[in-house]
Amino acid sequence: MHEEISLAREVEAIQIPSGDAITLPAGTPVFITQRLGGTYTVATSAGLARISSKDADALGVDLEKEKEKVAQAERLKDAPVEEQVWAQLKSVYDPEIPVDIVNLGLVYDCAIEELDGSKTVTVKMTLTAPGCGMGPVIAADAQSKIMTIEGIDDAKVELVWDPAWNQDMISEEGKMKLGMI
């Protein structure tokens with residue numbers, strides 16, 4: 001995973017932790033430090049950046065794994081909507097931590113409301129640190145993944161700070177992935 005890769009083409013990315021949009025030129029040497037949730041965190045000489053899955057080809061990533069994710073989504077298609085929403089939330093990652101936002105304990109509430117035949121999902125989530133510049137990016141990632149669910153007409157992801165997040169909120173699965181137990 002920590003093999004140097006030269007970008008095959010120019011790539012739009014998000015700088016971590018500021019959340020600023022940047023352009024990485026073709027030929028830029030990068031190391032993939034995390035490949036979770038359909039995005040790639042890369043280390044560059046200028047720091048960390050997040051690259052979208054749509055630009056995986058620039059990293060030389062094998063898209064067969066992406067096809068497996070599509071197959072998983074197809075299997076979930078017939079599952080209850082709430083199960084589909086939670087599955088999508090479990091595919092969202094903080095680019096600095098290799099545990100999804102659900103198992104990190106960042107999702108405080110998930111509600112599905114149906115009004116006049118329209119389904120809206122509202123998620124209340126937090127971050128591990130209030131000053132994290134990636135908050136809006138992570139929230140937008142969660143929202144866009146929820147919107148891929150058939151039958152969902154709107155999704156709102158709200159960042160909240162009460163109660164304050166702490167490590168006790170991490171699930172047992174998350175703690176195992178982090179080597180905490």
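A polar contact here is a pair of N or O atoms within 3.5 Å, and within protein one of them must be able to donate a hydrogen while the other accepts it. With that in hand, let's walk through this predicted model, starting at threonine 39.

The side chains of threonine 39 and arginine 50 make such a polar contact, at 3.3 Å. Threonine 39 belongs to strand E5, which covers residues 39–44. Its relative accessibility is 12%, and because buried means under 20%, threonine 39 counts as buried. Setting aside residues up to four places away in sequence, threonine 39 touches Gln34, Arg50, Ile51 and Ser53.

Now turn to the nonpolar interior. The largest nonpolar core has 30 residues, and Val85, Leu89, Ile101, Val123 and Ile146 have the most contacts inside it. Helices H3 (81–89) and H4 (135–146) each supply at least two residues of this core, as do strands E7 (107–115), E8 (118–125) and E9 (154–159). H4 gives the most, with five residues.

Valine 123 is a good place to pause. Leaving out neighbours within four places in sequence, valine 123 is in contact with Leu89, Val107, Asp109, Cys110, Ile146, Lys156, Val157 and Glu158. A second, separate core has 15 residues, including Val11, Val42, Ile51 and Leu59. Ile51, you may recall, is also one of the residues that threonine 39 touches.

Finally, the cysteines. Cysteine 110, one of the contacts of valine 123, has a relative accessible area of 14% and is buried. Cysteine 132 is buried too, at 17%. With a disulfide taken as a pair of cysteine sulfur atoms within 2.5 Å, the count comes to zero.

How values were computed
Residues are numbered from 1 along each chain as its sequence is written. This is a predicted model: local features need pLDDT of at least 70, side-chain atom pairs count only at pLDDT 80 or more; totals for chains, interfaces and linings use all residues. Side-chain values use heavy atoms; hydrogens and water are left out. Helices (H or I, at least four residues) and strands (E, at least two) are DSSP runs, numbered from the N terminus. Buried means under 20% relative accessible area, exposed over 50%, partly exposed in between (1.4 Å probe, protein chains only). Contact means heavy atoms within 4.5 Å. A nonpolar core is a set of buried Ala, Val, Leu, Ile, Met, Phe, Trp, Tyr and Cys residues joined through side-chain atoms within 4.5 Å.
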